[in-house]
Amino acid sequence: MSAPPAQQQRTLDDADSEVLTADEVTFDVSTDILIVGGGGTGLIAALAACENKDLTVTLLEKSDRLGGNTSLSTGMIPAAGTRLQKEAGIEETPGNMAQDILEKNDYQADEGMVRHLCAHSVELIHWLIDDWDISLHLVDDFKYPKHSEYRMHAPPGRNGENMVEELRERLESQPNTEILLNTPVTKLVAEDGSPAGVIAGAVRQEAIAAERVVLATDGFAGNREMVKTHCEDDIEKALYYGSDGNTGDGIRWGTQFGGELACMDAYQGHATVVDGTGALSTYAVVMNGGILVNENGERFGNESKGYSQFAVDVIRQPGSIAYEIFDKRIFDRLKGEFDDFDRAVELGSYTKAETVKELASELGCDPVKTESTVQSYNLAVEAGEPDEVCREDGRNVLSRPFYGAKVTGSLFHTQGGLVVDENGRVLRTDGTAVSGLYAGGGCAVGISGHGANGYLSGNGLTTATGLGRLAGTHARESLSEK
Ligand SMILES: Cc1cc2nc3c(=O)[nH]c(=O)nc-3n(C[C@H](O)[C@H](O)[C@H](O)COP(=O)(O)OP(=O)(O)OC[C@H]3O[C@@H](n4cnc5c(N)ncnc54)[C@H](O)[C@@H]3O)c2cc1C
């Protein structure tokens with residue numbers, strides 16, 4: 001289900017408030033801990049919150065299914081120092097993981113939060129496996145760029161949907177937990193500066209009282225107006241590849257409680273989504289030697305700077321289109337190794353031809369120029385010299401037969417959001433916490449710094465799963481102590 005149209009277009013500047021005061025509302029029902037959004041953050045917050053059976057936990061999801069972007073992801077949770085790593089002979093500390101994250105974003109992210117989430121990652125993985133029987137295994141045959149160790153803990157099939165399914169099953173077996181689908185939260189209710197409940201429902205609206213509210217609504221990539229306002233020029237034109245429900249609702253509500261925002265320009269893009277089939281052409285195609293040209297057959301930047309950064313470069317080409325050119329050696333190498341690649345092949349995303357000229361003609365880019373571009377690339381690779389776009393990484397001579405695809409740049413998710421403390425509580429600009437209001441995952445500021453450059457693979461699920469658990473735990477404990 002798409003988000004209500006109003007939520008897809010609202011911005012931080014809209015004058016009418018999305019937060020009501022408690023004296024304007026008569027509550028229909030009540031719960032103790034209310035979680036808005038049923039992706040990774042929300043499901044894990046609910047798991048942590050429901051551990052006290054004297055408390056009731058309610059999770060409201062806007063769409064007709066759980067999972068959000070978490071379902072679209074690989075579901076791989078990075079963690080350093082787990083027993084799964086030790087059993088595989090890997091000695092790694094949370095400090096090593098933090099260093100990889102911070103180096104990738106040039107130390108622009110909040111260092112304290114990065115270190116905190118890395119330290120917490122060990123307990124998180126053990127808790128998911130031991131307390132909740134969530135299936136996770138260590139990925140020790142494939143390392144993401146800039147990961148200095150094997151640290152991805154993956155669900156079966158390396159598919160986020162499988163993790164979401166297990167989390168749903170565990171929650172549905174809890175007597176004190178309720179999950180409601182097709183239930184968008186449209187407004188928050190405040191009392192004395194803290195949350196008192198929410199207004200929710202697609203058709204009939206209900207007012208639900210709650211002393212603790214966890215904002216797990218992800219970022220704002222599904223809201224073009226907000227993307228246009230906060231992210232770099234042109235990325236708002238990119239194909240949106242994430243969940244429709246992610247329209248920045250929690251971020252806007254949080255600011256109306258005085259919450260501070262940070263790194264609102266941060267996002268993750270992807271440079272090679274196949275035009276037509278919509279399949280993701282794994283960037284392993286490029287990093288094994290493939291190149292991108294525009295309709296004039298010209299390269300337009302160093303492709304190896306990364307799939308996220310390069311997305312906007314593709315968007316800026318005529319028609320927002322680029323042409324991915326590679327060869328049989330790369331095709332054979334990736335076939336059967338990457339689910340994304342196999343899916344793209346199955347969908348008929350790639351064109352094959354004996355010569356670059358033929359391939360370019362079929363794809364729609366200038367045949368003569370494309371041929372000379374590939375020749376010049378090959379010569380630079382053979383000579384061991386930088387090529388015309390100063391690329392030195394992941395190059396290989398391309399030889400017949402050739403493969404190619406018409407691709408466009410896409411937007412996966414945004415990484416800017418509410419500043420939170422070590423328990424996921426929303427912080428005001430003066431550093432004080434809004435009592436009872438939590439945010440995690442894409443709704444909270446991420447750990448990728450600014451722009452598109454600082455995203456290290458796994459950062460999305462690090463804040464979703466980590467802050468989800470911390471927020472759910474704090475919400476539960478703070479009510480249990482009362
Ligand atoms: C294609 C793709 C692949 C990715 N791959 C990876 C990966 O491999 N590793 C990684 O770490 N990250 C990856 N990411 C990023 C990662 O998926 C996200 O950062 C993470 O899942 C965010 O979790 P979340 O719980 O904050 O949001 P989501 O999982 O998106 O869940 C948010 C939920 O909130 C709901 N919602 C929103 N507003 C409301 C409202 N008003 N009322 C009720 N419900 C609402 C939405 O419908 C949605 O279901 C990927 C993202 C995409 C799009």
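**Entry 1: a cis bond**

I started at proline 401, which sits in the loop between α15 (367-383) and β19. The model I am reading is a predicted one. I looked up the peptide bond that joins arginine 400 to proline 401 and found it cis, with omega about -5°. I noted for reference that most peptide bonds are trans.

**Entry 2: positive phi angles**

Next I went through residues with a positive phi. Aspartate 192 has phi near 50°, a positive value, and is not a glycine. I found aspartate 192 in the loop between β9 (185-191) and β10 (194-200). Is aspartate 192 buried or exposed? I counted 8 other C-beta atoms within 10 Å of aspartate 192, so this residue is exposed.

Cysteine 263 is another non-glycine residue with a positive phi, about 50°. I placed cysteine 263 in the loop between β14 (261-262) and β15. Its surroundings hold 24 other C-beta atoms within 10 Å, and cysteine 263 is therefore buried. The cut-off I used for buried is 20 or more such atoms.

I also checked the residue glycine 258, which follows α9 and has a positive phi near 90°.

**Entry 3: helix α9**

I then turned to α9 itself, residues 249-256. How many of its eight residues are buried? I found six, and I put the helix down as mostly covered. The buried residues of α9 are Asp249, Gly250, Ile251, Arg252, Trp253 and Gly254.

**Entry 4: strand β15 and its partner**

Strand β15 covers residues 267-274. Seven of the eight residues in β15 are buried, so I wrote the strand down as largely enclosed by the rest of the structure. I looked for its pairing and found β19, joined to β15 in the antiparallel sense over six bridges. Within this pairing, I noted valine 273, whose bridge partner in β19 is threonine 408.

**Entry 5: a three-stranded sheet**

I traced an open sheet of three strands in the order β5-β7-β6, with antiparallel pairing. Which strands stand at the edges? They are β5 (77-78) and β6 (137-138); each has a single partner strand, so one side of each lacks a neighbour in the sheet. Between β5 and β7 (residues 152-154) I counted two bridges, again antiparallel. Proline 78 faces methionine 152 of β7 across this pairing.

**Entry 6: phenylalanine 331**

I picked phenylalanine 331, a residue of helix α12 (residues 328-334). With 19 other C-beta atoms within 10 Å, phenylalanine 331 is classed as partly exposed. Leaving out residues up to four places away in sequence, I found phenylalanine 331 touching Phe326 and Tyr403. I also took the distance from phenylalanine 331 to glutamine 415, which is 84 residues away along the chain: their C-alpha atoms are 33 Å apart.

**Entry 7: the two domains**

The domain assignment splits the protein chain into domain 1 (5-262 + 417-480) and domain 2 (267-411). I computed 34 Å between the C-alpha centres of domain 1 and domain 2. Where the domains meet, 14 residues of domain 1 contact 16 residues of domain 2. I sorted the domain 1 side of this contact by class and got ten nonpolar, one polar and three charged residues.

**Entry 8: the largest nonpolar core**

The largest nonpolar core holds 136 residues. Which of them touch the most other members? My list reads Ile35, Val36, Ala46, Val198, Val214 and Ile325. Both domain 1 and domain 2 supply at least three residues to this core.

I followed up one of the listed residues, alanine 46. Outside its neighbours within four places in sequence, alanine 46 contacts Ile35, Val57, Leu59, Leu171, Thr177 and Gly472.

**Entry 9: around the ligand**

Last, I looked at the ligand, which has 39 residues around it. Those that come nearest are Gly39, Gly68, Gly245, Gly441 and Gly460. I then asked which elements give two or more residues to this shell. These are α2 (40-49), α3 (68-72), β19 (402-414) and α16 (459-480). By class, the shell has twelve nonpolar, 23 polar and four charged residues. In this sorting I counted glycine as polar.

How values were computed:
Residues numbered from 1 in each chain as written. Predicted model: local features only at pLDDT ≥ 70, side-chain atom pairs only at ≥ 80, totals over all residues. Near = placed C-beta within 6 Å. Helix = DSSP H or I, 4+ residues; strand = E, 2+ residues; numbered from the N terminus. Core = buried A, V, L, I, M, F, W, Y, C linked by C-beta atoms within 7 Å. Buried ≥ 20, exposed ≤ 12 C-beta atoms within 10 Å, placed from the backbone. Domains from an automatic or database assignment. Contact = placed C-beta atoms within 7 Å. Pairing = 2+ DSSP bridges.
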